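Colleague: I should be grateful for a close look at the sheets of this model and at the helices that lie beside them. Please treat the matter as one connected account.

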Amino acid sequence: MAEKFNKAGYELDGQPVSVMIRNVASGLGMDYISSGKYIPDGYSPSNDFWGKMLLADGVEMEVICDRLVGNTAGILLSKDTQKKLVEKYGSINLKTIVDATAGGEFAMGYTNPYASATGLNFLISTLQTYNPKDPLSDEAVKGFQTFQANVPFVAYTTLQMRDAAETGTLDGFVMEYQTYINNSELARKYEFTPFGFLHTNPLYTVQNVPAQKKEILKMFEEFALTEENQKLAEEYGFNVDLNYTVEQSEVDGNTLLNAQELWKKEKDSGKPILAVFVADVSGSMDGEPLNSLKTSLINGMQYINTTNYVGLVSYSDEVVINVPVGQFNLNQQSSFKGAVESLSAAGGTATFDGIIVAADMLIKAREEYPDAKLMMFVLSDGETNRGYSLKDIEEPLDALNIPIYTIGYNADIPALESISAINEAASINADSDDVVYKLRNLFNSSL
């Protein structure tokens, strides 16, 4: 639409006008705006939750358009799972799926509600299945705890979730209809069940936008809503009538913000997380890569629940246990921060030796907490020139089922992605300008 609009010859006060689109996740856009890091002239998230939350946070915004294009959130169920649920429950809807997940009948996945519009929609809709009038009530929280106890993991990205489904970890997961219908493989393997609130892709102006820019946004709205362009949207899979009626009760911004906080607190259903951070301090990390690694860890500490258990190892030619696994209380946080600040780079790169030591730490820590979830975060440039190789440890890591999230600094990203792929974890390129927000969402979804 932006490209087409810019070629259409629109003018304001005799001057040509245009728009520029920056494509980010709905939650990331909200983070930019609420933090003041980047204030756009206009903001168009997938649904109106994010505008409601910004308004509740005191950000000045104005609705230009309630609906640029229509979309529907849904749950994709494998055909076998769909058949089993229909046979048992007679029909499929959100309550059926929530009840079946809570009963351990199949494995359900969804995306991080701090970043994903569909994930946040699923969270608030699930809470409403337990108490439609008060999704934050004790009744709703108790129901959500039961449900969440049977969710294998909350995905950092849709891609991570899809990969988990492909390998059989998940039987169902959330996705917007427009994405689903444009992927022939998904449409062939999965059945789409609508749920929750509609996604209308509203358009807002943000804070004190000059009158001229506001007028340009209104021009863009009118252009996007022409019959010709709405038909084009249909060709892309938007505006499809699925005969779906929204049954959810409207929610305000404060309720949504509180729901996110509730999810952060309850997402692990009382089970502790055991996590070890594995930091590359080889010579190739010297300078800016290591400085960025330190900044990432220190900034990310605030998003780790204090009830979780965290350790730190670093590696170059050899592996050093900087901080043994311990509850992330104030003392552990102090030890962790001090150890990170003292890291220095030199020597070779024994990445997989570091991973082996971290895995051993996690296994030993789990002896005290047998119900705990294990995970690892490897922060590296991806190079390996010492010790073990990926093929040496891939099979035992797969058997241990420890997800390894990788964060790359001036990195060989494919090498790190191959590590994360062992157990369907995510990989992040830390060289992007929004890495702080990506790590926040990663730690929120995982820790």
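**The sheets and their neighbouring helices**

Modeller: Seven bridges join β5 to β9, and the two strands pair in the antiparallel sense. One position in this pairing is Asn 71, which stands opposite His 199 in β9. The model is a predicted one, and the description that follows should be read accordingly.

The pair belongs to an open sheet of five strands, whose order is β7-β6-β8-β5-β9 and whose pairing is mixed. At its edges are β7 (154-155) and β9 (190-199), each of which pairs on one side only. Although β9 is an edge strand, seven of its ten residues are buried, so β9 is largely enclosed by the rest of the structure. At the other edge, β7 pairs with strand β6 (residues 108-111) in the parallel sense, over two bridges. Within that pairing, Thr 111 has Ala 155 in β7 as its bridge partner. Helix α5 (residues 94-102) packs on this sheet, where it touches β5 (71-78), β6 and β9. The direction of α5 makes about 40° with that of β5.

A further open sheet has three strands in the order β3-β10-β4, with antiparallel pairing. Here the edge strands are β3 (42-43) and β4 (61-65), and each pairs on one side only. Strand β10 (residues 203-206) is joined to β4 by four bridges, and these two strands run antiparallel. In this pairing Val 63 stands opposite Tyr 204 in β10.

Two helices lie across the three-stranded sheet. Helix α11 (residues 211-224) lies across β3, β4 and β10 and runs at about 30° to β4. Helix α3 also lies across β3, β4 and β10, but runs at about 160° to β4.

Helix α3 has a helical neighbour as well. Helix α2 (residues 26-35) packs against α3 (residues 49-56) at an angle of about 20°, and their axes are 10 Å apart. The two helices are therefore roughly parallel to each other, since an angle under 35 degrees counts as such. The crossing of α2 and α3 is right-handed. From α2, the residues Ser 26, Gly 27, Met 30, Ile 33 and Ser 34 meet Trp 50, Met 53 and Leu 54 of α3. Five of the residues in this contact are nonpolar, three are polar and none is charged.

Another helix pair may be set beside this one. Helix α16 (residues 351-366) and helix α17 (residues 390-400) pack at an angle of about 20°, with 10 Å between their axes. Accordingly, α16 and α17 are roughly parallel to each other. The crossing of α16 and α17 is left-handed, whereas that of α2 and α3 is right-handed. In this contact Phe 352, Ile 355, Ile 356, Ala 359 and Ile 363 of α16 meet Leu 390, Ile 393, Leu 397 and Leu 400 of α17. The residues of the contact are nine nonpolar, no polar and no charged.

Strand pairing is also found later in the chain. Strand β14 (residues 373-380) runs parallel to β15 and is joined to β15 by five bridges. Ser 380 stands opposite Gly 408 in β15. Strand β15 (residues 404-408) is mostly covered, as five of its five residues are buried. Ile 404, Thr 406 and Gly 408 point one way from β15, while Tyr 405 and Ile 407 point the other way, and all are buried.

Two individual positions complete the account. Lys 84 lies in helix α4 (residues 79-89). With a relative accessible area of 60%, Lys 84 is exposed, the cut-off for that class being over 50%. Lys 84 and Glu 105 are 21 residues apart along the chain, and their C-alpha atoms are separated by 9.5 Å. Pro 132 is placed in the loop between α6 (117-130) and α7 (138-148). At 44% relative accessibility, Pro 132 counts as partly exposed. From Pro 132 to Ala 365 the separation is 233 residues in sequence and 40 Å in space, C-alpha to C-alpha.

Note on methods. Residues numbered from 1 in each chain as written. Predicted model: local features only at pLDDT ≥ 70, side-chain atom pairs only at ≥ 80, totals over all residues. Heavy atoms only, no water. Axes fitted to C-alpha atoms, helices over the stretch in contact; angles between N-to-C directions. Parallel < 35°, antiparallel > 145°, perpendicular 65-115°, else oblique. Left-handed = near helix turned anticlockwise from the far one by under 90°. Contact = heavy atoms within 4.5 Å. Nonpolar A, V, L, I, M, F, W, Y, C, P; charged D, E, K, R; others polar. Pairing = 2+ DSSP bridges. Buried < 20%, exposed > 50% of the residue type's maximum accessible area, 1.4 Å probe, protein only.
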